Amino acid sequence: MADRGGLGEAAAAGASPAPAPGRNPTLGWRERLRAGLAGTGASLWFVAGLGLLYALRIPLRLCENLAAGTSSLISGLIFIFEWWYFHKHGTSCIEQISVSHLQPLMGETDSSISEPGSPSRSRESEISRQNLSECKVWRNPLNLFRGAEYRRYTWVTGKEPLTYYDMNLSAQDHQTFFTCDTDFLRPSDTVMQKAWRERNPPARIKAAYQALELNNDCATAYVLLAEEEATTIVDAERLFKQALKAGETIYRQSQQCQHQSPQHEAQLRRDTNVLVYVKRRLAMCARKLGRIREAVKIMRDLMKEFPPLTMLNIHENLLESLLELQAYADVQAVLAKYDDISLPKSAAICYTAALLKTRTVSEKFSPETASRRGLSTAEINAVEAIHRAVEFNPHVPKYLLEMKSLILPPEHILKRGDSEAIAYAFFHLQHWKRIEGALNLLQCTWEGTFRMIPHPLEKGHLFYPYPSCTETADRELLPTFHHVSVYPKKELPLFIHFTAGFCSSTAVIAILTHQFPEIVGIFAKAVSMISRTCVDYL
């Protein structure tokens, strides 16, 4: 896993010239071969299995077994399907069919079906609402640029880093941020309203140019071009500066008319969203281009000028930039304001707090010395902070310790999920590496968290129980080539273990009986005689 430094593979790709729009990059023969093999891996295994069966059809007497309708073959097929279903969906197909279909037919519906006003129905509704809130998807505060980073990654690797579900959520966000009920008053805004709903990227870019032809000061058109057409951060920054100039003019006009009608108030909210979005992206451009102090100033000004917009989590952008400056006192000041019990937590908040406490003791920390003399007060505080962070998001340490490979973070994240862990580690791994001994202390202590919460889905230690829906949501947010981290690890049910052993033993006995009937008969008689002798002896 490479040290991304906040830009990662996309930034590395940004150093090379981009291919012309509409053209596929020319990959080397090794990359094409690797991509082809990765895409046809399952098919090759299937063909190899059929070839093996064909080669062994005579010695194993497969034709005779099929003609005789051997039950072991059917049992084996059932087992293979059950194994595949469990690994794909995380549950047993047979158990699911039994609970969903057979139990109602047998009349066992009292526990699962209740009256609308009953207490059990109320508890189920409460649990359902809790699960929905736990699985709320958030906009990634540090999301990358589509054209300058995500698309460059696709040009270099041939892989799509964003899922359709993730991009659809972004389209909904854009319609919420950048449109309002008064768009019909300005033709350029009407065009952009259609552009944000368009699925095809070239069609969106074309609509943005149409809006600029109607109004050269259409801020949202510049935003779309900066996000999707610009192939470098420099180009994106240039377009965002044009959007800022147009957005400030429209914002001042909306401020003067805000009290005239509810429509004008909605228009002011929209223009405020555009202005904040543009300034934030300009700060991120400055951060990526190495002008970190400029980025910090823009973020601080934003947080002062628009304090109600805390839900945008601009403080997480500020934390990352301050860590890059190694301004740890300023980082602590930001944490003192946002690491509050009344405010929602995030991996950035919890792990940054742990990093600051780890920084004070990590340089001289030694597991052997600590086991011999015990932990000091500062070391105990650092370990407790690590345990708190790991309880909030247990997926992060594997990425920080490079036990799992990183990918580009998605545009949306699920708090406490694998997607949030990727987004945090992608930008903050370098900050942990910069502090000597921090990763060593993390490696020595992070797994101790799980001893305090033996049943994380039922009861937590410092936070609510870990939500059980993160795996499903993360699979929607993360690309298929990424192996989603699952917590807690699912163990195969006893029923599947029993089915596997029973089917395997039946298949082996059937093959041996058909292949060596005399030897198997002698062996069966010997086992029968031994068992009879043991019974007589007892």
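The exercises below, each with a worked solution, concern a predicted model.

**Exercise 1. The nonpolar cores**

Identify which residues of the largest nonpolar core touch the most other members, and which helix gives the largest share of this core.

Solution.
- Step 1. The largest nonpolar core has 96 residues. Those that touch the most other members are Met-192, Phe-240, Tyr-351, Leu-400 and Trp-432.
- Step 2. Helix H14, residues 262–288, supplies the largest share of this core, with 10 residues.
- Step 3. Another core, of 8 residues, lies apart from the largest one. Its members include Leu-142, Tyr-150, Phe-426 and Phe-427.
- Step 4. Take Tyr-351 and set aside residues up to four places away in sequence. Tyr-351 then touches Ala-389, Val-390, Asn-393, Val-396, Pro-397, Leu-400, Tyr-424 and Trp-432. Leu-400 and Trp-432 are also among the residues named in step 1.

**Exercise 2. An enclosed helix**

Decide how many residues of helix H12 are buried, and find what covers them.

Solution.
- Step 1. Helix H12 runs over residues 219–229 and has 11 residues.
- Step 2. The buried residues of H12 are Ala-219, Thr-220, Ala-221, Tyr-222, Val-223, Leu-224, Leu-225, Ala-226, Glu-227 and Glu-228.
- Step 3. Because 10 of the 11 residues are buried, H12 is largely enclosed by the rest of the structure.
- Step 4. The cover over these residues includes helix H8 (146–157), helix H9 (164–178), helix H10 (187–197) and helix H11 (201–214). H13 and H14 are also part of the cover.
- Step 5. Glu-228, one of the buried residues of H12, is linked with Arg-146, Arg-204 and Glu-411 in a network of salt bridges.

**Exercise 3. Salt bridges and burial**

For the pairs Asp-189 with Arg-186, Glu-237 with Arg-291, and Lys-279 with Glu-305, state the N to O distance and whether each partner is buried or partly exposed.

Solution.
- Step 1. The whole structure holds 20 salt bridges. The cut-off for burial is a relative accessible area under 20%.
- Step 2. In the bridge between Asp-189 and Arg-186, the closest N and O atoms are 2.6 Å apart. Asp-189 is buried at 9%, whereas Arg-186 is partly exposed at 21%.
- Step 3. Glu-237 and Arg-291 meet at 2.2 Å, N to O. Glu-237 lies in helix H13 (residues 233–257) and Arg-291 in the loop between H14 and helix H15 (292–305), so this pair ties together parts that are 54 residues apart in sequence. Glu-237 is buried at 8%, and Arg-291 is partly exposed at 29%.
- Step 4. Lys-279 and Glu-305 form a salt bridge with their closest N and O atoms 3.4 Å apart. Because Lys-279 is in helix H14 and Glu-305 in helix H15, the pair ties together parts that are 26 residues apart in sequence. Lys-279 is buried at 17%, while Glu-305 is partly exposed at 42%.

**Exercise 4. A buried acid without a partner**

Locate Asp-474, name the nearest side chain of opposite charge, and list the contacts of Asp-474 outside its sequence neighbourhood.

Solution.
- Step 1. Asp-474 is part of helix H25, residues 470–477.
- Step 2. Asp-474 is buried and has no salt bridge. The nearest side chain of opposite charge belongs to Arg-475, 8.7 Å away. A salt bridge requires the atoms to be within 4 Å.
- Step 3. With neighbours within four places in sequence left aside, Asp-474 contacts Leu-414, Gly-417, Asp-418, Ser-419 and Val-484.

**Exercise 5. Positive phi angles**

Find where Glu-402 and Arg-416 lie, and compare their phi angles with the general rule.

Solution.
- Step 1. Most residues other than glycine have a negative phi.
- Step 2. Glu-402 has a positive phi, near 60°. Glu-402 sits in the loop between helix H21 (396–400) and strand S2 (412–414), and is partly exposed at 36%.
- Step 3. Arg-416 also has a positive phi, near 75°. Its place is the loop between S2 and helix H22 (418–434). Arg-416 is buried, with a relative accessible area of 10%.

**Exercise 6. A nonpolar surface patch**

Name the residues of the nonpolar surface patch and place Phe-516 in the structure.

Solution.
- Step 1. Val-508, Leu-512, Phe-516 and Ile-519 make a nonpolar surface patch of about 370 Å².
- Step 2. Phe-516 is in the loop between helix H26 (494–515) and helix H27 (517–537).
- Step 3. The relative accessible area of Phe-516 is 40%, which makes it partly exposed.

Key
Residues are numbered from 1 along each chain as its sequence is written. This is a predicted model: local features need pLDDT of at least 70, side-chain atom pairs count only at pLDDT 80 or more; totals for chains, interfaces and linings use all residues. Side-chain values use heavy atoms; hydrogens and water are left out. A nonpolar core is a set of buried Ala, Val, Leu, Ile, Met, Phe, Trp, Tyr and Cys residues joined through side-chain atoms within 4.5 Å. Buried means under 20% relative accessible area, exposed over 50%, partly exposed in between (1.4 Å probe, protein chains only). Helices (H or I, at least four residues) and strands (E, at least two) are DSSP runs, numbered from the N terminus. Contact means heavy atoms within 4.5 Å. Patches are made of residues with over 30% relative accessible area and no salt bridge: like charges are joined within 9 Å, nonpolar side chains (Val, Leu, Ile, Met, Phe, Trp, Tyr) within 5 Å. Accessible areas come from the Shrake-Rupley method with a 1.4 Å probe; for residues, only the protein chains shown count as cover. Lys and Arg count as positive and Asp and Glu as negative; His and the chain ends are not counted.
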